[in-house]
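Notebook open, structure loaded. I want to look up a few packing and backbone details and jot them down as I go.

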Amino acid sequence: MNSVFKVSFIPFVAAFLAAAGCAHGDGSQGAASSSAARAGQLSNIAVSPNDNMNAVLWMQTAAEYRGNSLVIYQSAAGKLSHVIAAKDHTASIEQGEMAGCVPGHPCANAKFKKMPSAIVLDIDETVLDNSAYQARLIRDNAQWDANTWDEWIASREAGAIPGAVDFIRAVKESGAAVVYITNRNCSVRSKNAGADPCPQREDTLENMKALGFPSLSGKDLLLLQNQRPEWGASEKRARREYVAKSYRIAMLIGDDLGDLAPDVKSLSIDSRFDAVNKYRDLYGVYWFQLANPTYGSWMNPFKGKDKRDFLRYD
């Protein structure tokens, strides 16, 4: 979910303090000893700058982040009536493939024309704000872990992404179904017989309810990873195909390219750019993407490599 990049600058601090001690005109042994002592104390302090620090701070403190999220959701709300009325259009690549159509374009003979419309959204960093969990990882000098992540889900402490509650209310008022597809993982927490096989579902719904999100009605869906055996991967293609059998997918919203398009999470940087360019006409009408600098499939090309190699200097 995120990575921790440790940089030690103790040697530089120690060298600076030593130089400062020697710079005194009297060259006193006391000053040199004092500098050495301070350097020794610093060397015992774990200084581990985290490369997720600025990203988490931006999400938690930047007015620009809040404004960006509001722009996305208010723009999406402005397109609701259009995409719901466009019965011969789908926002889904998978549904287009199933019908032999191109998403965002008319498909005269598609079966989905008679299906109820659905607005499909991711959850984490799309409607729920988990930046406090990320902040705790920084505080604890830790990395994402399935156990701590599940504990966070169980705590039901996530916040709401700016604009999300009002948008979901607008979807409910429009009559379209709300479908959440999340990579929160279904897993049993208790070894007792009859234990809930997916307590994460209830945790998520109760967390959202406390934040003012409308409750799910009979036509709405919440689809978690591993809720079915065939949904074991973080790739969401299978779940979108499941939705496409019963609903016309009118709009897709997420913080990761994989929330919008299939088979993109392992692509190279250039191939991901190509995917965005290929479907650029869908953005701002059928597809809406929130910013998430803290984690996501955008980081996959960096795995096992020095991130500095990906910096551009011109």
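Before anything else, a reminder on labels: helices are DSSP runs of H or I with at least four residues, strands are runs of E with at least two, and both are numbered from the N terminus. I also keep in mind that this is a predicted model.

**Entry 1: overall picture**

I looked up the secondary structure and found eleven helices and seven strands in the chain. The chain has 314 residues, and 42% of them count as buried. For the surface, I noted about 16200 Å² exposed by the chain, with carbon and sulfur atoms supplying 54% of that. Then I checked how far contacts reach along the sequence. Taking contacts between residues at least 6 apart, 75% join residues at least 24 apart.

**Entry 2: a loop residue in β6 to α11**

I went to Asp263, which sits in the loop between β6 (248-254) and α11 (269-278). What is odd about its backbone? Phi of Asp263 is near 60 degrees, a positive value in a residue other than glycine. I also looked up its exposure: Asp263 has a relative accessible area of 44%, so I logged it as partly exposed.

**Entry 3: α6 against α7**

Next I turned to a helix pair. Helix α6 (residues 131-139) packs with helix α7 (residues 146-155) at an angle of about 140 degrees, and their axes are 11 Å apart. The two are therefore oblique to each other. I noted the crossing of α6 past α7 as right-handed. Which residues make the contact? From α6 they are Ala132, Tyr133 and Arg136, and from α7 they are Thr148, Trp149 and Trp152. Sorted by class, the contact of α6 with α7 holds four nonpolar residues, one polar and one charged.

While there, I checked the loop between α6 and α7, where Asn141 lies. Asn141 is not a glycine, yet it has a positive phi of about 50 degrees. Buried or exposed, or somewhere in between? Its relative accessible area is 33%, so Asn141 goes down as partly exposed.

**Entry 4: α6 against α3**

I stayed with α6 and looked at its other listed partner. Helix α3 (residues 53-61) and α6 pack at an angle of about 145 degrees, with axes 10 Å apart. Here I wrote down a left-handed crossing of α3 past α6. On the α3 side I found Met53, Val56, Met59 and Gln60, and these meet Ser131, Ala132, Gln134, Ala135 and Ile138 in α6. By class, the contact of α3 with α6 has six nonpolar and three polar residues, and no charged ones. I also see that Ala132 turns up in the contact with α7 and in the contact with α3.

**Entry 5: Gly163**

I found Gly163 in the loop between β3 (159-160) and α8 (164-174). What does Gly163 touch, apart from its neighbours within four places in sequence? Gly163 is in contact with Leu70 and Tyr73. I also took a C-alpha distance: Gly163 and Thr126 are 37 residues apart along the chain and separated by 10.0 Å.

**Entry 6: Leu221**

Last stop was strand β5 (residues 221-225), where I found Leu221. Setting aside neighbours within four places in sequence, Leu221 is in contact with Val178, Val179, Tyr180, Leu216, Val243 and Tyr247. For one of those partners, Val243, I looked up the spacing: Leu221 and Val243 are 22 residues apart in sequence, with their C-alpha atoms 8.8 Å apart.

Terms used:
Residues are numbered from 1 along each chain as its sequence is written. This is a predicted model: local features need pLDDT of at least 70, side-chain atom pairs count only at pLDDT 80 or more; totals for chains, interfaces and linings use all residues. Side-chain values use heavy atoms; hydrogens and water are left out. Buried means under 20% relative accessible area, exposed over 50%, partly exposed in between (1.4 Å probe, protein chains only). Contact means heavy atoms within 4.5 Å. Accessible areas come from the Shrake-Rupley method with a 1.4 Å probe; for residues, only the protein chains shown count as cover. Axes are lines fitted to C-alpha atoms, for helices over the stretch in contact, and angles run from 0 to 180 degrees between N-to-C directions. Angles under 35 degrees count as roughly parallel, over 145 as roughly antiparallel, 65 to 115 as roughly perpendicular and the rest as oblique. A crossing is left-handed if the near helix is turned anticlockwise from the far one by less than a right angle, and right-handed if clockwise. Ala, Val, Leu, Ile, Met, Phe, Trp, Tyr, Cys and Pro count as nonpolar, Asp, Glu, Lys and Arg as charged, and the others, Gly among them, as polar.
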